[in-house]
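Visitor: Please take a close look at one part of this model with me. I would like to hear how that part is built, what surrounds it, and then how the rest of the chain packs.

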Amino acid sequence: MDIKLNDKENSRKEIEATLTYEELTPYFDKAIESYRKKATLPGFRKGKAPLNMIKKQFGEGIEYNALEDIAGEVFFKYITDNKLDVISKGAITDLDYKPKEKLDFKVEFDVMPEVKIEKFKGLSLKKKVNIIDKSLVEDEINYHKFRSATYEIDGVAADDDYMVTVNLQNLDEDGTILVGQSQNDLKVFLGNPEIYPEFKEGMSGIKEGEVRIIDSKNAEGGLKKVQITCTKVEKIIYPEMNEEFFKSVTGKEGLKDEKEFKEELKGELLKIYDGITERELKSEVVNEMIKVNDVPAPERYIDVILDSMVEDYKQQYKGKKIPADFIEEEFRKERRVDAILQSKWFLLRDKLIEDEKIEIDEESYKKLAETYAARFNMPVDKLVEAYKQNEDVKMRLLNDKVIDLIIENAEIEEIPELRTKEDTKAN
């Protein structure tokens, strides 16, 4: 028997084997004996027909039917004898049998790649240090004031603090009504910075019942006319900046003046942006680790991750119809690079867990449980026990510990980042 091991792409391997007919004979005899036990021939009880008769009538067919099983058996013995760390089922890619002469076959499979951590200490990372601009705080206050506002019927929209309700009708260049191009009961906040300038100007000072024509542009940039009929004008009455309002926004008591209120909002906004920064830093850790410790991504790993991505996508539409333009094959192609990067990270992460003997302690489970106990309406100790039985939670905590270890040993450049109200527009 001639067998050789060939390297393929990434951690893909191939065994290429040749068995002579003499080497195949014991396998064929075993297959014929197995067939004999099930065969029923005229004049003989089931399983009692002579072997020679079975061979004469069915031997050639039995041999051909046994070829894949033989290839599988030889493959299994080879990987076992050579202690190969196989992570996928073998796939027969070539099977060539010359009767009474020989069998040539090839089997491809994935092995666990050898993972070596060349470097995880001293990585160069960049971390944003968030600075909350007062404009962002003011924008947040204005948002909450608008949400808590009441409305008072008025006769004329005297300034930006008005909500105007209009019926809208598109016209052609000659002022003729365009059928089917109308919209009724459209509410327009005149203080909205996103409103088109011509509409803001056209509605400024408008009165209830008044009809105006506004010169505007269509989606292609061509000129168009819009007729607006004002059906309601409402003055926006904003809430007073007092303790009651401060509590309604923050959920906290004891904020006595605007200064304390703004500091509270600033702190909450800082937490949000620090959370974004933390996620960005973790992503950078993964990218840098892959860059300095590149490792081949096994096809089996990639396929499993892509399967998970497809399933996650479908779960978003659970109970609903998946969009008609969703093509799984195209989705897999688009997400393949992400799956490769995830595969590489998982291999590096698991190697670090092994090398550094990283484990999850009781405190880690408890801290996570305290975060979610109220949401799940469960006692902390019960949630801790549930988490200990959950492999996904365990890997999530281990993943965080590995990243924390890398960050602790990294060379981090802190970069100030001023957060303004323009950030909210960008998001």
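Guide: Let's start with a yardstick: the expected span of a helix is 1.5 Å times one less than its number of residues. Helices (H or I, at least four residues) and strands (E, at least two) are DSSP runs, numbered from the N terminus. This is a predicted model, in which local features need pLDDT of at least 70 and side-chain atom pairs count only at pLDDT 80 or more, while totals for chains, interfaces and linings use all residues. Residues are numbered from 1 along each chain as its sequence is written, and side-chain values use heavy atoms, with hydrogens and water left out.

Our part is α1, residues 21-38. Its 18 residues reach 25 Å from first C-alpha to last, close to the 26 Å expected. Along the way α1 has a kink of about 25°, centred on tyrosine 27; the bend is the angle between axes fitted to the seven residues ending there and the seven starting there.

Tyr27 is also one of the buried residues of α1, along with Tyr21, Leu24, Phe28, Ala31 and Ile32 (buried is under 20% relative accessible area, exposed over 50%, partly exposed in between, with a 1.4 Å probe and protein chains only). The buried residues of α1 pack against two helical and strand neighbours you can pick out early in the chain, β2 (12-20) and α2 (51-81), and also against β3 (91-98) and β4 (102-110).

Lysine 37, also in α1, is exposed because its relative accessible area is 56%. Leaving aside residues up to four places away in sequence, Lysine 37 touches Lys46 and Gly47, where contact means heavy atoms within 4.5 Å. Lysine 48 lies 11 residues from lysine 37 in sequence, with 7.3 Å between their C-alpha atoms.

Now for the rest of the chain. The largest nonpolar core (buried Ala, Val, Leu, Ile, Met, Phe, Trp, Tyr and Cys joined through side-chain atoms within 4.5 Å) has 34 residues, and Met289, Trp345 and Ile406 are among those with the most contacts inside it. At least two residues of this core come from each of α6 (258-292), α8 (328-355), α9 (362-376), α10 (380-388) and α11 (391-408). With eight residues, α11 gives the most. Methionine 289 touches Trp345 and Ile406, and its other contacts include Phe120 and Leu352. A second, separate core of 28 residues includes Ala66, Ile70, Tyr97 and Phe109.
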